[in-house]
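Me: Could you take a close look at the sheet in this model and walk me slowly through how its strands pair and how helices pack around it? I am in my first year, so please name each element as you go.

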Amino acid sequence: MSKLGRIHSTESCGTVDGPGIRFIVFMQGCLMRCQYCHNRDTWDLHDGKEVSVNDLMNDLTPYRRFMNASGGGVTASGGEAILQAEFVRDLFRACKEQGIHTCLDTNGYVRKHTEVIDQLMDVTDLVMLDIKQIHDDVHQELVGVSNKRTLDFARYLHKIGQKTWLRYVIVPGFTDDEQSAHDLGEFLAPFDNVEKIELLPYHELGKHKWTALGEDYPLAGVKPPSKETMEKIKAILQQYHSKVIY
């Protein structure tokens with residue numbers, strides 16, 4: 001019997017978390033503390049609601065025709081989906097039985113690599129991996145934990161040939177410098193499993209969630225990066241990877 005999962009919410013017609021039209025499951029819980037997090041209300045491991053795989057399949061199967069026609073599918077996001085790897089594995093297995101494309105949106109913070117991670121990858125068509133910062137000291141300042149586990153997970157994805165899209169948020173003062181871009185590019189250069197690098201400009205659209213929780217937004221007053229900055233980072237990364245978009 002499949003274990004229960006704890007989710008924050010779902011979105012039936014997402015278009016930015018993987019290819020095509022997607023049913024997105026936002027898993028509850030995250031161990032990173034990104035200063036720019038736009039889903040601050042997903043951090044608590046014990047919040048949200050418990051659901052079964054059958055519950056989610058009943059919710060998402062009415063959209064299967066639209067998802068498949070658009071080249072879409074189901075995305076497990078968060079929070080951090082990989083914290084509930086067994087549940088996501090079971091969900092993805094159920095999706096594959098119905099011919100539904102599966103995508104894991106993750107920060108790669110795998111605390112312990114077990115066979116469950118391998119089993120999850122066996123039923124994952126696409127991984128969207130966030131690398132927050134290539135330099136560990138800045139990474140710890142920005143998100144509160146080391147980047148070692150994320151980089152190890154990136155290496156693992158390369159080793160098994162897992163189709164991956166890499167996402168990199170450009171945060172002024174943290175990830176908009178040229179050296180970080182060069183070092184990230186050098187790290188990713190051998191990874192032929194990475195189909196594209198997507199640059200995401202920082203925004204504070206999730207600030208209201210921090211306010212609703214009675215907390216100060218850490219990056220209050222920080223403006224989104226300029227177009228010139230985005231183009232600069234793009235040009236640097238293109239020296240190491242053929243497809244960089246934003």
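Reply: Strands β1 and β3 run antiparallel and are joined by three bridges, and in this pairing Gly-5 stands opposite Val-51 of β3. The model is a predicted one, and what follows describes that prediction. Strand β1, which covers residues 5-14, is also joined to strand β2, residues 22-27, by five bridges, and these two strands again run antiparallel. Two of the partners can be looked up in the picture: Ile-7 has Met-27 of β2 as its bridge partner, while Glu-11 is paired with Ile-24, also in β2.

These pairings belong to an open sheet of nine strands, whose order is β3-β1-β2-β4-β5-β6-β7-β8-β9 and whose pairing is mixed. The edges are formed by β3, residues 49-51, and by β9, each of which pairs on one side only.

Moving to the other edge, strand β7 (residues 164-170) pairs with strand β8 (residues 194-201) in the parallel sense, over seven bridges. Within this pair, Val-169 has Leu-200 in β8 as its bridge partner. To get from β7 to β8 the chain passes through helix α7, and the β-α-β crossover made in this way is right-handed. Strand β8 is in turn joined to β9, residues 244-245, by two bridges, with the two strands running parallel; here the bridge partner of Ile-197 is Val-244 in β9.

Now to the helices, beginning with α7 and α9. Two packed helices are described by the angle between their axes and by the distance between those axes. For α7 (residues 178-188) and α9 (residues 227-237), the angle is about 30° and the axes lie 9 Å apart. An angle under 35 degrees counts as roughly parallel, and therefore α7 and α9 are roughly parallel to each other. Their crossing is right-handed. On the α7 side the contact involves Glu-178, Ala-181, His-182, Leu-184 and Gly-185, which meet Lys-232, Ile-233, Ile-236 and Leu-237 of α9. Sorted by class, the residues of this contact are five nonpolar, two polar and two charged.

A second pair of helices, α1 and α3, can be read in the same manner. The axes of α1 (residues 53-60) and α3 come within 10 Å and cross at roughly 45°, and α1 and α3 are therefore oblique to each other. The crossing in which α1 passes α3 is right-handed. From α1, the residues Val-53, Leu-56, Met-57 and Leu-60 take part in the contact, and from α3 the residues Phe-87, Asp-90, Leu-91, Ala-94 and Cys-95. By class, this contact of α1 with α3 consists of eight nonpolar residues and one charged residue, with no polar ones.

One further detail is worth finding in the chain before α3. The peptide bond from Gly-78 to Gly-79 is cis, with an omega near 15°, and Gly-79 is found in the loop between β4 (73-77) and α3 (85-97).

To return to the sheet as a whole, then, follow the order from β3 at one edge to β9 at the other: β1 is antiparallel to β3 and also antiparallel to β2, whereas β8 is parallel to β7 and parallel to β9.

Methods: Residues are numbered from 1 along each chain as its sequence is written. This is a predicted model: local features need pLDDT of at least 70, side-chain atom pairs count only at pLDDT 80 or more; totals for chains, interfaces and linings use all residues. Side-chain values use heavy atoms; hydrogens and water are left out. Axes are lines fitted to C-alpha atoms, for helices over the stretch in contact, and angles run from 0 to 180 degrees between N-to-C directions. Helices (H or I, at least four residues) and strands (E, at least two) are DSSP runs, numbered from the N terminus. Angles under 35 degrees count as roughly parallel, over 145 as roughly antiparallel, 65 to 115 as roughly perpendicular and the rest as oblique. A crossing is left-handed if the near helix is turned anticlockwise from the far one by less than a right angle, and right-handed if clockwise. Contact means heavy atoms within 4.5 Å. Ala, Val, Leu, Ile, Met, Phe, Trp, Tyr, Cys and Pro count as nonpolar, Asp, Glu, Lys and Arg as charged, and the others, Gly among them, as polar. Two strands pair if DSSP finds at least two bridges between them. A crossover is right-handed if, with the strands pointing away from the viewer, the path from the first strand over the helix to the second runs clockwise.
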